[in-house]
Amino acid sequence: MAEGSGRGSWDEGALEYAGLSRVRLDALLQELLGRVDEIMEYQERLRALLDAVVGIGADLDLNSTLDRIVTAACELAGARYGALGVVGPDGKRLVRFITHGVTADEIAAIGPYPEGHGILGLLIEHPEPIRLHDLAEHPRSYGFPANHPPMKNFLGVPIRTREHAYGNLYLTEKTGGADFTEDDERTVTALATAAGVVIDNARLYADTEQRRRWHEVTAEITQLLLGDFDIDQALQLITKRSREVSGAQVAAVLLADGDELVVRAVEGPPELTQYVGRRIPADVPVLSRVTAGTGEQIVIEDLAQLLKDAGGLTEFPEGAMLARTTMAPLPAGNTGTGGVLAVAMQQGSNTRVAEGADLVRMFAGQATLAMERARAQRDRDMLAVLEDRDRIARDLHDLVIQRLFATGLQLQGMHRLVKPEHQQRISRAVDDIDTTIHDLRAAIFELQQAAESSSLRGDVQALVAEYAEPLGFRPQLICTGPIDTVVPASVRPQILAAIRESLSNVVRHAQASAATVEVTVNSAQVIARISDDGIGIALRKRNSGLRNLTERAQALGGTVQIRDNEPHGTVVELSAPITDN
């Protein structure tokens, strides 16, 4: 019985041991299964991460790449909302904000995108991953604007490109209301690392494509400049292409005109066309830095803020949507006309106008070349016109006038050989020939005058034509001598004023039926003589009317005479030296 009792105890012990072993085995199996699940979950997460990395690098378009990065981060971490904020060149604020999970209507209701304050700014200042259980509990929390969706838990991860901070990934509202885990942080950090490489490649590709496009456009503009072109057409093409290639909202060319800048070409929204021809003071601080002659190119990070601070948004309301602006000087060159090429980006857009704004400077050089080519083209055309005029003037003087003069001499020689009743007709013919010779000489002087320069002869002709209607007849005009080449510019306004005042007196007082305006130039002086066949001027009125003309003559160092005309009427004569006072 003792033996049996001992065998029974051993059996019970064996069973107990077997039971404990089975429990341990179950626990080990459970642990093993848990590890397998973790491995499977890790593999799934790793596979999802690899798929996301492959997905974000599907193409090299930067805009679509950024959208895919935000979407992939939300899917990997199980976040409802996500955003990617691009840090500006100043490293202090966000210049672009790409969102996921928020509709366009919700974005419009919320208002402007954030610039990087509060929690978002904390990640900019300290680019390290951040996980929060509740955004509102953090001391840097600013709260949310009106109409903003409720958000509680938060995960923020920086994105770096070549050791430089490019931006940050922001994720909120994990699925199921749980907090973001360390695995979420590691996964999104790994995605951000891969995203940095993809973004860098996309930016390099974008820069390469942009430079290629800039060079294509440069070739297009060069081709235009090789032929005959209009300067406004060339400047408009330059602004159009610079806007297209840079992806800017607005491009404009402003040319210097004295102490002002004139907007010569604008490319952008249709409402900006109203600014063509607008004049802007060149001493505006921003513009003066570009036009000072130092060749300095400036970049304004936020044009809208600058305009707002300077009170310029009321004059240029469209500027409220403009952000980074590059201004390149237009070298004065041989034309002596400087200016500015401005390229402005829209707020929230990709603000990188090809790294190194040397491309904008290159376009500014194209604008300068266009102006110099236009100036050379005008000079060439003017030279051809002047050469043609000179040829015509020589032909008129050497051929036509000489033949008329010879014909006049022949008629004068025949005067004594014909009957008395024919002598008067021959005298009239000789007088007509003399008048024709006089008119031809006047035409020759006109041809020798540059087309774009001021013409005293032309101004006097226009003045005489102006008084034809109030007088009721056209005064006769006689111009003798090279009045356009000898009379100084300082004397011309006084001569015109004297003629105008004299003709006004004829209209008001003379009751004349004929009048003659003579402008004569000799080696020493210019004489303006206005005569009429009216009722004359009484002595009292003569002294009164003489006052203004005397003051004009004295200002020129000359004299004025008013005398009676024969058989009736008045002669007003102003003479002035032709030296430029």
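## The open sheet

Let's start with the sheet: six strands make it up, it is open, and the strands come in the order E8-E7-E6-E11-E10-E9 with antiparallel pairing. Keep in mind as you look around that this is a predicted model. Strand E8 (279-281) and strand E9 (298-300) sit at the edges with a single partner strand each, so one side of each has no neighbour in the sheet. On average, neighbouring strands here are turned by 25° against each other, direction ignored.

At the E8 end, strand E7 (residues 260-267) runs antiparallel to E8, and three bridges join the two. If you want a spot to click on, look at Val 262, which stands opposite Arg 279 in E8.

## A helix across the strands

Now for helix H6, which covers residues 231-246. H6 lies across strand E6 (250-257), E7 and strand E11 (339-346), and runs at about 65° to E7.

## Two helices side by side

Further along the chain, have a look at helix H11 (residues 456-466) and helix H14 (residues 492-510): their axes come within 11 Å and cross at roughly 20°. Angles under 35 degrees count as roughly parallel, so H11 is roughly parallel to H14. The crossing of H11 past H14 is right-handed.

Which residues make the contact? From H11 you have Leu 456, Asp 459, Val 460, Leu 463 and Glu 466, while H14 brings Arg 492, Leu 496, Ile 499 and Arg 500. Sorted by character, the residues of this H11 and H14 contact come out as five nonpolar and four charged, with no polar ones.

Technical notes:
Residues are numbered from 1 along each chain as its sequence is written. This is a predicted model: local features need pLDDT of at least 70, side-chain atom pairs count only at pLDDT 80 or more; totals for chains, interfaces and linings use all residues. Side-chain values use heavy atoms; hydrogens and water are left out. Two strands pair if DSSP finds at least two bridges between them. Helices (H or I, at least four residues) and strands (E, at least two) are DSSP runs, numbered from the N terminus. Axes are lines fitted to C-alpha atoms, for helices over the stretch in contact, and angles run from 0 to 180 degrees between N-to-C directions. Contact means heavy atoms within 4.5 Å. Angles under 35 degrees count as roughly parallel, over 145 as roughly antiparallel, 65 to 115 as roughly perpendicular and the rest as oblique. A crossing is left-handed if the near helix is turned anticlockwise from the far one by less than a right angle, and right-handed if clockwise. Ala, Val, Leu, Ile, Met, Phe, Trp, Tyr, Cys and Pro count as nonpolar, Asp, Glu, Lys and Arg as charged, and the others, Gly among them, as polar.
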